[in-house]
Amino acid sequence: MDKKEIVKILEEIGRLLEIKGENPFKARAYYNAARRIEVLQEDLTRLVEEGRLKELKGVGDALAQKIETLVKTGRLPYYEELKASVPQGLLEMLKIPGMGPKKVKTVYEKLEITTIGELEYACHENRLRDLPGFGLKTQQKILKGIELRKKYTERFHLPVALEEAAKIKRYMEAHPAAQKIEIAGSLRRRKETIKDIDLLIACRQQDREALVKHFVSYSEVDAITNQGHTKASVVLKSGLACDLRLVEEGQFPFALQYFTGSAAHNTALRHRARVQKLTLNEYGLFPENAEQSIPCASESDVYRHLGLAFIPPELREDFGEIEAAEKGALPQLIEKKDLKGLFHVHTTYSDGASSIEEMARRAMELGFDYIGICDHSKAAYYANGLSEERIKMQHQEIERLNEMLDPFVILKGIEVDILPDGTLDYSDDVLETFDFVIASVHSSFNLEEEAMTERICRALRHPLVNMLGHPTGRLLLGREPYAVNMDKVLEVAARFNKVIEINANPYRLDLDWRQGIKAAKMGIKVAVNPDAHSLDGLNDFEYGLAIARKSWFTASEVLNSYSVEKLKSFFKAQQNAM
DNA sequence: GCCGTTTTCGGCCCGACTGTTTTCAGTCG
């Protein structure tokens, strides 16, 4: 059983224990262990084999044994018995706002309600109203929650959230009482999908009411879900939720740190503060028994007082960034100014909307020195993939354009299909005519993991392949990644000096940043590739850049930071090394 | 269920908001 499934089971055990009313700290122990496993860099199976599970903080005798059983047998009798003793619908119920473990337990025990449908019906029948700890308001809130859940279950792609956030930020900035304003939360950390926007504002105490009122009066607000003196929550018409928090100006750096998260990062940070006899919260950093916070003018100050270097928001996922900050070993993350060019650009030769020249000129306007044109290969007939004949035409056109646009350079690339058996869609003598080759999977997504892994690894071992395109084929919120053992793919990439694409299309963001962190540690090079099919698509590189940063990459490991000369010799060296 | 240069027992991160209460429990982030 793999890591992801084990994490899910440990979390579910935690929730089941809570619903059953067991010791809440016992439940928390399962959550903690789940988180520890989730961020584990090492191979879990190996850890089990070497009997080193208990080295993990938060994993003792009992949990080590349970995890070992799961890894070895794929089953856990304790979990199965627990699960069987609690109706499945109760876990679903926890997802309704206002329904926590205690309330779920109450409706189950008093009303024998086991599904969300039954819960909704009971609300309509006024049967929740008289339960202990419930009332009319609670019943209404739960009913509203069920309705909202039906309407807005999804998460949102990064561009949607960024645009909504920018709009509401501008709207709030227009209010004279707003002294400082920042987007915090997962958006600031550039997670690949977003559930809600966290908006943080510094203001004087006497202006709070006016700002909350201004916030809930925003024209895009569809529903107000929470409204107090220092915070308010709304659902926007787009379906995206937005939380507002108000703090005083002096508290702003602490609040920004706190509300940027992640929860796991903050928990670790607060624990660190405790060890230093300090208390960290959204209002300050307090020495023991002190009323006054240690003053900090910025987030950097907060981290500095905890003995840490400033940790860029993208890294705050409790993936080792705190330890690295302590040792001064944080990477110098790649920045926009480091990017000299873009790869993986489609044109009207296959399924793109713009010509080579149009794409090149837009790239020049964006300040780049080169682009790599990569249309589809012939197997991608649905995408008008290039025949050998049309490749020649395209190359002639690129040569003409290169003379015209000099010193800007258009590189002759291709996105060649990896066929189901791992061979490529062109013969070697055709592949040799390109400056570089990206190999991608576009068909037969349903192979078994072993076959898919070998298919991709075989393509990567091909001497003429320079990069692997969208390594897992996932579509965020749309299609699961295909079954592939990425650890093996990364191993092969490292051994043969192959580049892995960070596909910057916001529906893909593939390589996933969690794998990206591994890749960076292994010294693997990546390329931020917009996979652009239109002029605007070129701008998607920003999302890929965010993921490269989130994956701990410095400029020297990101191919886009290379000059044209350095690139050409790198591509040649890749081929000669085989 | 985990953990310990205060502890092998008694703690476990912290605070706002809501609704149900009449001082607080539950939920949420």
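This briefing describes how the protein meets DNA strand B and what becomes of two of its cysteines. The model is predicted, so local features need pLDDT of at least 70 and side-chain atom pairs count only at pLDDT 80 or more, while totals for chains, interfaces and linings use all residues. Residues are numbered from 1 along each chain as its sequence is written, chains are lettered from A in the order in which they are written, and side-chain values use heavy atoms, without hydrogens and water.

**Surface near the DNA**

- DNA strand B is surrounded by 42 residues, where near means having a heavy atom within 4 Å of the strand.
- The closest residues are Arg28, Gly98, Gly135, Gln227 and Arg270.
- By class, this surface has 15 nonpolar, 14 polar and 13 charged residues, with Gly counted as polar and Arg as charged.
- Helix 2 (24-38) is one of the elements that supply at least two residues, and helix 2 gives the most, with 5 residues; helices are DSSP runs (H or I, at least four residues).

**Contacts with the strand**

- Of the strand B atoms within 4 Å of the protein, 78% belong to sugar or phosphate and the rest to bases.
- Polar backbone atoms of Gly58 and Lys102 lie 2.8 Å and 3.2 Å, respectively, from a phosphate oxygen of strand B.
- A side-chain N or O atom of Tyr258 is 2.8 Å from a base nitrogen of strand B.

**Cysteines**

- The whole structure has 0 disulfides (pairs of cysteine sulfur atoms within 2.5 Å).
- Cys296 counts as buried because its relative accessibility is 8%, and buried means under 20% relative accessible area (1.4 Å probe, protein chains only).
- Cys374 is also buried, at 0%.

Conventions. Polar contact = N/O pair within 3.5 Å; in protein donor to acceptor, adjacent residues only side chain to side chain. Buried < 20%, exposed > 50% of the residue type's maximum accessible area, 1.4 Å probe, protein only.
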